[in-house]
Every structure is written in C-alpha cells, then in structure tokens.
Amino acid sequence: MVDSKQQWKAWLYLAPAIVLLLIFTVWPIINTVVLAFTEKYSTLANTGGTSFRIGFGNFTDVVGYSGFLDALKITMILCVATVPISTILALLIAVALNAIKPLRKALQTIFFLPYVTNSIAIGMVFNAMFNMIGKIGIRRPKIQSFGIINDIIRFFGGTEINWINTGSDEWANILVLIIYIVWNALPFKILVLLGGLQSINKQYYDAAKVDAAPRWKVLTRITVPLLSPMIAYVVITGFIGGFKEYTSIVGIFGETMGPPHDAGRLNTIVGMIYDSLENNLVGRASAAALILFGIILIVTLINLQVSKKRVHY
Amino acid sequence: MKIVLENLTKVFPSRNKKSNDEVIAVNNFNFEIPDGKLIGLLGPSGCGKSTTLYMISGLQKPTGGKIFFGDEDVTELSTERRGIGLVFQNYALYPHMTVKQNILFPLQNLKGEEKMTKDQMLERAYEAARLVQIDELMDRKPSELSGGQQQRVAIARALAKMPRVLLLDEPLSNLDARLRLQTREEIRRIQKETGITTVFVTHDQEEAMSISDMIVVMKLGVVQQIGEPQNVYDSPANLFVAKFLGTPPINVFRGRVQGGKLFIGEAEVMDVQGVKDQAVTVGIRPEGFVLDENGPLSCKLSNVEVMGRDVSIVSTHEESLNPIIRSIINADHKVNLASETVRYTLKPHKVFLFHAETEDRIYFGKTEEA
C-alpha cells in the first residue's frame, strides 16, 4: 500500500494519463450515451439553444431502418466465418513455424507483413487481384483482362468468376471479403499463438514422445489444451474485431459498400454508423454504436462462458 | 530386458561456429546392464549421466556407438518405438489432464497387438496407480498434488504401459529430505516388484549407493568405475571415485612411498609392500582411523563433534590436501580434549594409494582389486 502522505504523488504521476483518458475516452463514451437518447439531435440546432426530447427514438430508428437487419446479417456472416477459419489457420501456421528452424525468422516476417501494411492499401491490392477489368461493348461485353485470381482459375481450366465487379453475386463478394479478412487477421493471431507455443515447456513434448503419441494427438491433446488461454484470447478479440468490420469492405469495394450495381449491399453495422454520421444523424449513429456495443458484450460474455469450460488452468 | 551400450559417444558441437571446442558429453561408454537390475548413473553435474540416459531413451541421438535392448539394435529407433518409460526430473505431467488421464495417455497410444480396450486401460491405470499408492488421487490435477505425489504419478505413467526399460532422471531431486528417503525405498520396491530393468541418474552418491544394484561413476563424459556400490566404495579405481563416494568424504594427504613404507610427512604410517618408491596421494576413509596414543600419524586436534553412536574428530595436518581431517571413531573411545594433538594408526583396507599425477589407484598388499 502506498503511504497516504505519498498518495498525492501517485495521483500526480497518474494525472497526465487520467486527464487524456477523461477527455478522449470517458467523455466521448458518456456523450455517446447521452446523444443516443437525444431524439433528432442536430449540432447546429444545439448551438442555437434548441432543446431536444429524450427517448428511445434513435434506437427504434436504427432497428426499423431497412438496412439494419442486412447489415447485421453481413456482420454476423463475416464474424462467424472468419474467426474460426483464421484461428485454425493461425494455429497450424504457428505450430509449423515453431517446428522449423531454418527460415523461421524470414517466414515469420512474411506472415507478419499484413499487420504492418495499411488495410486500405491491402484492400486495393485484393481489388486488383479479384478484378475483371476492361469490359468493352454493352450488348455483348468482351472482357479483356482479369485479375490474377481469375487467371489462376482459368489456368486450371475453370471459368472466370465475377468476384467484385458490376453484376457479381453476393456470395462471391462475401467470399472475397472472407479471404481478405482471414488473411488480414492471421498475423496478429500467429504472433500471439507463436508466443504461447514458445512458452510451453519442451519437456511435455519429450514426455509425449516417450508416451508414443502420434503427431495429431500431440496437437489436439497437448498443444491445443496448453495453448487454450491464448486461443481463447485470440477468438474473443477476433469476434470483437469482426463485429467492427468496415475497412476491409471499403478497401475492396470502396465507399459504396458493395459492387457498383448494388451499393450498400455489403454494409455492416459500423458502416451504418458512418452513414448516419455523414447524414448528420449523430443521435442515430450513437444509438447504433450502443447497439453494437451490446451485441459485442453479449457475444464476449458467451465466449468467456464457453472458454471457462474449455480453457485449462 | 538387458541394455547394452557399445562405444556410446555424444558430442555437442560448439555454439560458436568459428571455434572448435566441441563438448564431448559422453565418451566411449561400454556397459551391459543386466536384465532386471537397478542401475544408478552417478557423477557431478556435467559428467554426461543425463545425456547417457536420454540417449537410452532416444530423445537424444548418439554421435557414435550403438544401443541394444536385448538383442535388438535400437540406436536408430525413435523414442516412440523403443517402449521405454521415462520419469523426468520435473515430472512433466500434463497439467491440463487429471492423474487418471495422465496415466491413461500412454496406454491410449498403444498400437497394433498392444492396443487395449477402454476397460483394460482403466484396469491397467489403476493397477499402476495402486503400485505407487495414488489410486485415491485419480481425479486430481497435477497442480493439486504435492511434489511426492506428482513424482508417483510420473512413475505410474511410466510404468502403466509395461515398458521394456524404466529410466529416471534425478527422480528425487525435487523432494524434501524425508520424502526422499521414503521415495527411494519405494523406487527400490517398485523396481523389485515389476522386475523392469531400471536406470536412474543422480548426483547424490548416498542415493545411488543405497538403492542400486550397480553404480556407474562418471566424470566429464568418461566412465570411471562400474560395480556394486559396496565394491566401488571399498575399492575405488581412482582418486575421483574415492572422493566422490562416501560421507563424510575421504581424507586426502600428500605422501610418499619409500622402501615399502608409506610416509605422510616424516611419519612412517603403514607398510605398503610391493609399491615402488614414489610420491603418492593417500586417501583415508574417515572410518579408517584408529585412536592410538602411540600411533604414527599425529594431527592437530581442532574439535570433536558428538554424533551419539560415533564421534567425529576434526583435526588438521600440514600434509593434508583438505583443510580439515575428519575421522569417525566409536563413541566408546574417550578423546582427551585438552590435548593439542591426536594420534592415529590406520586400518590398511581403508587406506588407498593413488598415483600423484594420474590419480590412478596403486594397489598394495592384501587389498587386491576386487
């Protein structure tokens, strides 16, 4: 315990951080809650001295909004699909990286690259990879160039797929997004899991050898359980990140949040929040943010509950 | 299952690629471990005893030489297929599994003819648990067990699959003194009951001497002496072995042999027939001293420690290579504490001569090599 005479010193040292947090974190949170319950709020009118009605109007607006359920659906699909895939892939890659000696550092760097690269830039690269460009003619469009993915498909004798351009199907769009998000989520997960793997006592693996455990059993019965705290962490943060999905869609499809012929098709909840802000509907944006917070809270609680049973020691 | 080690060698390359000072952890180890015996590998840290154990387990590959289990050459066989049980120094129990799951784990990995049904596995697991008396603890996690209990679980896990060979790496080092005594008796009992050829590694000579059928004393990767504990103690092959075995440790003096007599300083202390004149190192076991007012070896008396049955006399001598000389005398003898000196005669079979430079044993008189 800090001596009570010394306590003011402790507060003094904490002051810069506390002040910054109060201004940039705590106040905005409070303000968001206030705005969410303030109906038909407008900054301009507020400055003019107008008073607003307090109520649930913004929430009913959000839920009643035609795009809300679609946005929720897209968000959910992206979350549910990408978190397990990226976690399992990251686990396998981390185990493989941990097992090799030569080139480990080089490969680690390569796998870590997406983490330090701007996601909009990556989105644009993905856009180019999945693109079909240069449609000529309207009645009988003649495609002149493909992105590398379609080149590969054609090389193996398949037919090109319209991934993201005008006329593309929603499943194709979502597939591209899943690939992008999984790839983008890998580095952080690999990093965390690799760190976890390296802290596992090597003697357990020697013991497993003595016990003649086959490889897959070592992975499922020893590595995964011993890594379970890290896996739980990665899954929970993965879900939280997944519910906030937005930049990936902007990166690939642009601000239209969908292919040109169906703008907004891939909108997510965060996308909705930005839309509301752009339309000066601050109250509705705040309400949507609170709803998103509620969803993330519930999902995280469920996650924690599940991991309590699954995470060992 | 007998184990044969043939010219077993392990060289660790030096970490620094430019320099060539590689470490020879085990150098040309030849030994046939008889079936069903308990063997103690003994030596100070860094002597290669653990490396030898891990080569027998297959977790480390020998640089040279061969290992046989019975007549089967297992040198190239991976650990998984050697059918060994290994108890690690820190036990390496899987922390996320219960005791039962820990013991079942090796059984679940058995393949082919050895494959068991679930009931057979459980039966075997409980059998192993009963042997080490932990069948009450089967649903606990390792973190809920004491060190001694964890150690038993580790032994049960190693024994459950009926290994051809049981290997123990410093099995008692993590236990407190009382538990250590109890557990080493238990290891002996379990080994006798199962009859599994067992090799264990220790740096504690008392531990090795007390339970082993045979001990192997190692130093810097080279085997110094192999034999039954009592024989090794009674007839050490060189100064290192003599110094390493025995508590209190052996007393070492500078001496010389002249005309069949052994001199320590100017005192002629003993007849040593058949030894040619030379400078020697003399080792005298603490129990090799006999109090004798007219004895030839005169030492400065420091103090006397009473230990009940025995007394331990601490004295000094200028030719002694140790700072103090410790002798153990039956408590019936009275020591005159007022006296400044204490005089001894020596028991010839407790006195060993070693070459002053090579430190090899020089045999004399009746105490021929056993």
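These are my notebook entries on two chains, A and B, of a predicted model.

**Entry: chain B as a whole**

I began with the overall figures for chain B, whose secondary structure comes to eight helices and 21 strands. Along its principal axes the C-alpha trace of chain B spans about 75 × 50 × 40 Å, and 51% of the 370 residues of the chain count as buried. I also looked up how contacts are spread along the sequence: among contacts in chain B with a separation of 6 or more, residues 24 or more positions apart account for 65%.

**Entry: helix H5 of chain B**

I then turned to helix H5 of chain B, residues 177-194, which has 18 residues and reaches 26 Å from its first C-alpha to its last, close to the 26 Å expected at 1.5 Å a residue. Its buried residues are B:Thr183, B:Arg184, B:Glu186, B:Ile187, B:Arg188, B:Ile190 and B:Gln191. I kept in mind that an α-helix has 3.6 residues a turn, so residues three or four places apart point the same way. For what covers the buried residues of H5(B), I noted that the cover includes strands S3 (38-42), S7 (165-169) and S8, together with helices H3 (118-131), H4 (147-160) and H6 (205-211), in chain B. Following H5(B) is B:Gly195, whose phi is positive, near 65°.

**Entry: B:Thr197**

From there I moved to B:Thr197, which lies in strand S8, residues 197-202 of chain B. Is B:Thr197 buried or exposed? B:Thr197 counts as buried because its relative accessibility is 0%. I found that its side chain reaches the backbone oxygen of B:Met1 at 2.6 Å. Leaving aside residues up to four places away in sequence, B:Thr197 touches B:Met1 and B:Ile3, then the run B:Ile33, B:Pro34, B:Asp35, B:Gly36 and B:Lys37, and also B:Arg164, B:Val165 and B:Leu166.

**Entry: helix packing in chain A**

In chain A I looked at helix H4, residues 66-99, against two other helices, bearing in mind that two packed helices are described by the angle between their axes and the distance between the axes. The axes of H4(A) and helix H8 of chain A, residues 170-198, come within 6 Å and cross at roughly 40°. The two helices, H4(A) and H8(A), are therefore oblique to each other, and H4(A) passes H8(A) in a right-handed crossing.

The second partner was helix H10 of chain A, residues 215-243, whose axis comes within 10 Å of that of H4(A), the two crossing at roughly 145°. The contact draws on A:Thr75, A:Met76, A:Cys79, A:Val83, A:Thr87, A:Leu91, A:Leu92 and A:Val95 from H4(A), while the residues from H10(A) include A:Leu219, A:Thr223, A:Leu227, A:Ile231, A:Val235, A:Phe239 and A:Phe243. H4(A) passes H10(A) in a right-handed crossing.

**Entry: contacts between chains A and B**

Staying with helix H10 of chain A, I looked up A:Lys217, which lies in it. A:Lys217 counts as buried because its relative accessibility is 11%. Which residues does A:Lys217 touch, not counting residues up to four places away in sequence? They are A:Ile222 in chain A, and B:Gln108 and B:Asn109 in chain B.

From the side of chain B I took B:Ala92, found in the loop between strand S6 (84-87) and helix H2 (99-108) of that chain. At 4% relative accessibility, B:Ala92 counts as buried. With residues up to four places away in sequence not counted, B:Ala92 touches A:Gln203, A:Tyr204 and A:Ala207 of chain A, as well as B:Arg157. I also noted that the C-alpha atoms of B:Ala92 and B:Gln151 are separated by 9.5 Å, although the two are 59 residues apart along the chain.

**Entry: backbone exceptions**

Last, I checked the backbone angles, given that most residues other than glycine have a negative phi, and most peptide bonds are trans. A:Met257, not a glycine, has a positive phi of about 55°; A:Met257 lies in the loop between helices H11 (247-253) and H12 (269-278) of chain A, and at 3% relative accessibility it counts as buried. B:Gln133, also not a glycine, has a positive phi of about 60° and is placed in the loop between H3 and H4 of chain B; at 47% relative accessibility, B:Gln133 counts as partly exposed. The peptide bond from B:Thr247 to B:Pro248 is cis, with omega near -10°, and B:Pro248 is found in the loop between helix H8 (239-244) and strand S11 (251-258) of chain B.

Definitions and conventions: Residues numbered from 1 in each chain as written. Chains lettered and ligands numbered in written order. Predicted model: local features only at pLDDT ≥ 70, side-chain atom pairs only at ≥ 80, totals over all residues. Heavy atoms only, no water. Helix = DSSP H or I, 4+ residues; strand = E, 2+ residues; numbered from the N terminus. Buried < 20%, exposed > 50% of the residue type's maximum accessible area, 1.4 Å probe, protein only. Polar contact = N/O pair within 3.5 Å; in protein donor to acceptor, adjacent residues only side chain to side chain. Contact = heavy atoms within 4.5 Å. Expected span 1.5 Å × (residues − 1). Axes fitted to C-alpha atoms, helices over the stretch in contact; angles between N-to-C directions. Parallel < 35°, antiparallel > 145°, perpendicular 65-115°, else oblique. Left-handed = near helix turned anticlockwise from the far one by under 90°.
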